[in-house]
Amino acid sequence: MDIALGLLVIVAVVCAGSALGRKLNIPVPLVLVLAGVAGSFLPLIPPVVLNPELVLVGLLPPLLYAAAFRTSLFDFKTNRRSIGLLSVGYVIFGTLGVGLVVWWLFPEIPLAAAFALGAVVAPPDAVAATAIARKVGMPRRIVNILEGESLVNDATALVCLRAAVAAIAGSVSALDVAGGFVVAAGGGLAVGLAVAYVLTEIRKRVHNVAINTSTSLMAPFVAYLPAEAIHASGVLAVVVTGLVMGTKAPSMPNGAARQSARSNWDTIQFLLENSVFLLIGLQVRTIVESVQDDSLGAGRVWFGCAVVLLAVLVLRPVWVFPATYLPRLIPSVRRSDPAPPWQFPAIVSWAGMRGVVTLAAVLTLPDDLQHRNVLVLAAMVVVGGTLVLQGFTLPALVRALGLPGPDRREDALNQASLMQLATAAGMERLEQLRRGSDPPEVMDMLRRRTQERGLAAWERLGRPTAEAATPSQRYAQLRMAMLEAERDKVLELRRGGDFAHEVLSEVLERLDVEESMLDASLNELDSAADGGGEGLSQPGGVCDHLTAAMPAPVPDNPACSGCEREGTSPVHLRMCLACGTVGCCDSSAGRHASRHFKDTGHPVMRSAEPGEDWRWCYVDELLG
C-alpha cells in the first residue's frame, strides 16, 4: 500500500509541477527539483533512498532509448567529431581534472576514489540537456550536439567508474582500462546493431498493433541486459538500438503501430524523465544528514563540495573551446566545417547540467569506502548546483549572446515546400497506377484530397489572427463540432441498448481517429490566437514588389558569401531577385538574406534550394 501511495504521489506531483512550469514559463526540471527538495524536509514524507539499480537498469535504458529514437542519425553523423570530443574526450578530461581537485582538497580520500567521483560528475545529464535546450530555443546544431553528447557520455563515464572502483579494490593497469574501453565500445556497438536488426525484422512481420508496440517497449532492455551480461556497455547498446530503429521506423509498414508506439513512448518518457528530477530533489535531506558526523568536519566538507562544483563549471569551457577550434587548424576540417562563432562553444560550455545518473552512479561506490558520504554529498551539490545555476541562467545567456533559435516562419516555409514535393510524388504515382476502368469520381476525390492537404500546409503560412482562421483550420473547427454531435448521438443510442457494444465501440473509435487527425490544425490556430508565432500571408497575396520581381534562375552551386566570410554554416539559401545576391535563411547563424534586405532595401527574394521556386516579399510580408 505504501509503495502504491508513493507512486501515486510522484505521478501527481510530476503532472502538477509540469503544468506549473509551463504556465510560469520556467523549465520543468527546475520546478520538480525544487519541489523534491522542499518535500524532502517535510516531516510527513519519510526519507527517500535512491536505489542505484532502479535508475541504471530501470530508468536509464528507456530514457536513453526514447531520446535516441527521436535523434536524427544524419545529424548525429554530421556532428560526430564534436559529439565524440565531448562524450569521450571531455568525460575523461573531467574525470581526471575533478579527481585531482578532490584529492587535493581531501588527501584522506584515496586517489582512485577521487577519480571515481570525477567519473560520476563528468557526464552532463541526457534528460536535463534536452529538456532545457529545447525550452530555451537554441540553434539546432547546438541542440543536436548536446543531445548526441548526452546519449554517449554515460557509457564513457560508467567505464571510467568501473576502472576507478576496480582500482579501489586493488591494482588496475592502464592496459586494463584501455581494454575495458574497447570491450565496452565494441561490445555495445555490436549488441546494439544486432538487437536493432532482430527487432526491426520482427516488427516488419508482426501486424498486430499491441504486439508491435510491446516489442518497441521491450527494445531498451533487450539491448541493455545482454550487453551488460558480456561486460560491454549497455548504455551504448541502447543508444545504437534507438538510433537505428528510429531511422528505420518511418519506412516500416503498419502506420497504426507506429502511431501507437509513438503515443506510448511519449507518455513513458514524460513520466520517467520528470520523475527523475523529482527523485533528485527528494534525496537532499537524506544525503545532507549522512555527512553531519564525518571526521573531516562539516565546514571543510561543504567548502570542498563548493570547490568541486566550481571545478566542474570551469573544466567544461577549458575543454570545449580548444576542442572546438583546434581541430579546425587542419585545413580539410576547416573547409568541410568552418569554425562557429565563439558564442556556440560558450553556450555548449554552460549547458552542462548533471542529473540522476550522477546520483545513481555515486551510490554504487563500495559501502565500506572511507568518507563515502562526502563523495555522495559532493555529487549532490554538483547536480543541484548545475541544475540551478546553469538551468536558470542559460535562457538569459542565450538571449544575451544573440543566438537565434529555429525560425518558426522558416520552418513553416520548408514544411510547406516539403509537403508540395511529397504531394507531387503522390500525384505522379496516381497517374502511373490509374486504369481506364477506375471511376472518375474516385480519381477526382483522390486528387482533391491530396491537393487540399498540400494547400493546407501553405495556408499555415498565413498571418494568424484570433478572428480569421485559414480554410483548413475553419474546416477543423466545424468538423470537431460535428464530431461532438455525432459522438453524443452514439452515446445516446448506447444508453438505449439497441446496438451491440462491439458495434458502438468500433464507431466511437473511428470518430476518435478522425478527431486526433484534426487536433494539429486546432492547436496551430490556438497558438496563433495567443500570439504564439509569426505567420506569413497566404500564397496568392498580391503586392507590387512580387508583381515587379521577375523570376530568375538560381546559379549552379550557390553559396552564401557572408557565411564564407564569417566562417558560419548556412541552413538554407535564399537569392535576392533584384541583384542576385545569395544569403542564408533566418534559421542560419548569420541570417544574411534578411541582413541583405536591411542593407539594400531589395524587397523580394526567392528560395535557392533545389525544387523550390517560391518568393517572399520582406516589405509586405507576402508569399508568392
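No disulfides turn up anywhere in this predicted model, even when the whole structure is searched. Cysteine 584 is a good place to see what that looks like up close: the cysteine sulfur nearest to its own belongs to cysteine 563 and sits 3.6 Å away. A disulfide would need the two sulfur atoms within 2.5 Å, so cysteine 584 is left without a bond of this kind. Next comes cysteine 585. The closest cysteine sulfur to that of cysteine 585 is in cysteine 584, at 6.4 Å, and that is too far for a bond. Both residues are tucked away from the surface. Cysteine 584 counts as buried because its relative accessibility is 0%, and cysteine 585 counts as buried because its value is 2%.

Now for the sheet. Five strands make up an open sheet, lined up as S2-S1-S3-S4-S5 with antiparallel pairing. At the edges are strand S2, covering 582-584, and strand S5, covering 622-623, and each of these pairs on one side only. As for what holds such an arrangement together, strands of a sheet pair through backbone hydrogen bonds, either parallel or antiparallel.

It helps to walk across the sheet, pair by pair. S1 runs antiparallel to strand S3 (residues 604-607), and three bridges link them. Here arginine 574 has serine 607 in S3 as its bridge partner. S3 in turn pairs with S4, again in the antiparallel sense and over three bridges. In that pairing, methionine 605 is matched with tryptophan 616 of S4. Strand S4 (residues 615-617) then pairs with S5, antiparallel once more, over two bridges. Tryptophan 616 appears again in this step, with leucine 623 in S5 as its bridge partner. A helix joins the picture too: H25, made of residues 592-600, lies across S2 and strand S1 (573-576), and runs at about 120° to S2.

At the other end of the numbering is helix H1, residues 2-24. This helix has 23 residues and spans 32 Å from its first C-alpha to its last, close to the 33 Å expected at 1.5 Å a residue. Just past the end of H1, asparagine 25 takes a positive phi of about 60°. Within the helix, Val14, Gly17, Ser18 and Gly21 are buried. What covers the buried residues of H1? The cover includes helix H2 (28-40) and helix H12 (255-282).

How do H1 and H12 sit against each other? Two packed helices are described by the angle between their axes and the distance between the axes. For this pair, the axes come within 9 Å and cross at roughly 95°. That makes H1 roughly perpendicular to H12. On the H1 side, the residues that meet H12 are Ile10, Val11, Val13, Val14, Cys15, Ser18 and Arg22. Their counterparts in H12 are Phe270, Leu271, Asn274, Ser275, Leu278 and Leu279. Val14 and Ser18, then, are both buried and part of this meeting of helices.

One last residue shows how distant parts of the chain can come together. Isoleucine 287 belongs to helix H13, residues 284-290. With a relative accessible area of 7%, isoleucine 287 counts as buried. Leaving aside neighbours within four places in sequence, isoleucine 287 is in contact with Leu359, Val376, Leu377 and Met380. Alanine 378 lies 91 residues from isoleucine 287 in sequence, yet the two C-alpha atoms are 9.7 Å apart in space.

How values were computed. Residues numbered from 1 in each chain as written. Predicted model: local features only at pLDDT ≥ 70, side-chain atom pairs only at ≥ 80, totals over all residues. Heavy atoms only, no water. Pairing = 2+ DSSP bridges. Helix = DSSP H or I, 4+ residues; strand = E, 2+ residues; numbered from the N terminus. Contact = heavy atoms within 4.5 Å. Axes fitted to C-alpha atoms, helices over the stretch in contact; angles between N-to-C directions. Expected span 1.5 Å × (residues − 1). Buried < 20%, exposed > 50% of the residue type's maximum accessible area, 1.4 Å probe, protein only. Parallel < 35°, antiparallel > 145°, perpendicular 65-115°, else oblique.
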